[in-house]
Amino acid sequence: MSEPSRVVATDASVLINLIHVGQLDLLGHLERWRFVVPNQVAEEIIRPEQRTALAEAASRPSLRREASTHPEELQRFAEFRRLRLDRGEASCLAMAVQRGWVVASDERGRFLRIARERVGAGRLLNTPGILLLAIRHDVISVDDADRIKAVLETMRFRMRFRSFRDLIGNP
């Protein structure tokens with residue numbers, strides 16, 4: 001029997017990082033992983049070139065836009081907004097809690113604390129985690145991931161390790 005798919009509610013921070021480095025298509029190459037962009041997240045992406053990249057990626061099966069419609073999910077969304085999460089973060093977390101999904105976000109602080117409490121650390125993913133999945137699925141090499149890391153760091157996105165080799169050992 002094959003392993004079930006994992007569904008990931010994906011926040012703008014991860015999407016924008018992948019768009020910055022031209023790697024949004026990477027999500028489509030991760031077998032058994034599906035990525036969902038809540039409508040509130042899509043609304044946070046305001047630069048025209050980023051909106052275009054997201055729209056193109058969302059036309060493929062591996063990344064889709066979706067609205068929250070379940071009453072309990074909407075209640076959770078309102079609760080997370082009262083806890084001062086932004087609309088995108090709140091929608092991702094509400095979907096993940098209600099539907100048993102993973103959350104992908106690079107946010108730290110309040111969001112990370114609440115997400116750990118509500119879904120657990122095992123259902124959290126971030127940009128480095130996605131790149132690590134891509135390495136493990138033989139989608140990109142460690143060198144490719146390190147090049148992506150270097151580009152993101154020029155854009156003030158710091159990863160707290162020297163190289164992806166440090167995370168996986170020497171391949």
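**Notes on a predicted model: salt bridges, a ring pair, a pocket and a covered helix**

1. A good place to start is the contact between E79 and R118, whose side chains meet in a salt bridge with an N to O distance of 2.7 Å. E79 belongs to helix α4 and R118 to helix α6 (residues 109-119), so this salt bridge ties together parts that lie 39 residues apart in sequence. E79 counts as partly exposed because its relative accessibility is 24%. R118 also counts as partly exposed, at 32% relative accessibility. Please keep in mind that this is a predicted model.

2. Beyond that pair there is a network to look at: R64, E66, E73 and R99 are joined into one by salt bridges that share partners. The structure as a whole holds 12 salt bridges.

3. Within the network, you may like to start from R99 and E66, whose side chains form a salt bridge at 2.2 Å, N to O. This pair links distant parts of the chain, with R99 in helix α5 (residues 87-99) and E66 in strand β3 (residues 63-66), 33 residues apart. R99 is partly exposed, with a relative accessible area of 27%. E66, by contrast, is buried: its relative accessible area is 19%, and the cut-off for buried is under 20%.

4. R99 has another acidic partner, E73, and the closest N and O atoms of that salt bridge are 2.7 Å apart. Here too distant parts of the chain are linked, since E73 sits in helix α4 (residues 71-82) and R99 in helix α5, 26 residues apart. Is E73 buried or exposed? E73 counts as buried, because its relative accessibility is 0%.

5. Now to the rings. Searching the whole structure turns up one aromatic pair. It is formed by F161 and F164, which meet edge-to-face, with 4.9 Å from centre to centre and 75° between the planes. F161 is buried at a relative accessible area of 16%, and F164 counts as buried at 0% relative accessibility. F161 has a charged neighbour as well: K149 lies over the face of its ring, 5.5 Å from the ring centre.

6. For anyone thinking about cavities and grooves, the largest pocket has a volume of about 400 Å³. Its lining is made up of 20 residues, and those nearest its centre are S105, E107, L112, R116 and N126. Which elements supply at least two residues each to this lining? They are α6, β5 and α7 (127-136). Of these, α6 gives the most, with four residues.

7. L124 is worth a look beside the pocket, since its strand, β5 (residues 124-125), is among the elements that contribute to the lining. L124 counts as partly exposed, at 22% relative accessibility. Leaving aside residues up to four places away in sequence, L124 touches V102, V103, L112, A115, R116 and V119. Two of these contacts, L112 and R116, also appear among the residues nearest the pocket centre. For a sense of scale, the C-alpha atoms of L124 and R32 are separated by 16 Å, while the two residues are 92 apart along the chain.

8. Helix α7 also lends residues to the pocket lining, yet α7 is mostly covered, with nine of its 10 residues buried. The buried residues of α7 are T127, P128, G129, I130, L131, L132, L133, A134 and I135. What covers them? The covering elements include α1 (12-20), β2 (33-38), β4 (102-104), β5, α8 (142-154) and α9 (165-168).

9. Finally, T127 gives a single-residue view of that helix, as it is found in α7. T127 counts as buried because its relative accessibility is 0%. Its contacts, not counting residues up to four places away in sequence, are V14, N17, D106, L152, F157 and M159. Of these, V14 and N17 fall within the range of α1 (12-20), and L152 within that of α8 (142-154), which are among the elements covering the buried residues of α7.

Notes:
Residues numbered from 1 in each chain as written. Predicted model: local features only at pLDDT ≥ 70, side-chain atom pairs only at ≥ 80, totals over all residues. Heavy atoms only, no water. Buried < 20%, exposed > 50% of the residue type's maximum accessible area, 1.4 Å probe, protein only. Contact = heavy atoms within 4.5 Å. Salt bridge = Lys/Arg side-chain N within 4 Å of Asp/Glu carboxyl O. Phe/Tyr/Trp six-rings, centres within 6.5 Å; stacked < 30°, edge-to-face > 60°. Lys NZ or Arg CZ within 6 Å of the ring centre and 35° of its normal. 1 Å grid on protein atoms, 1.4 Å probe; cavity = no way out; pocket = protein on both sides within 12 Å on 5 of 7 lines; lining within 4 Å. Points joined across faces, edges and corners; volume = space filled by probe spheres on them.
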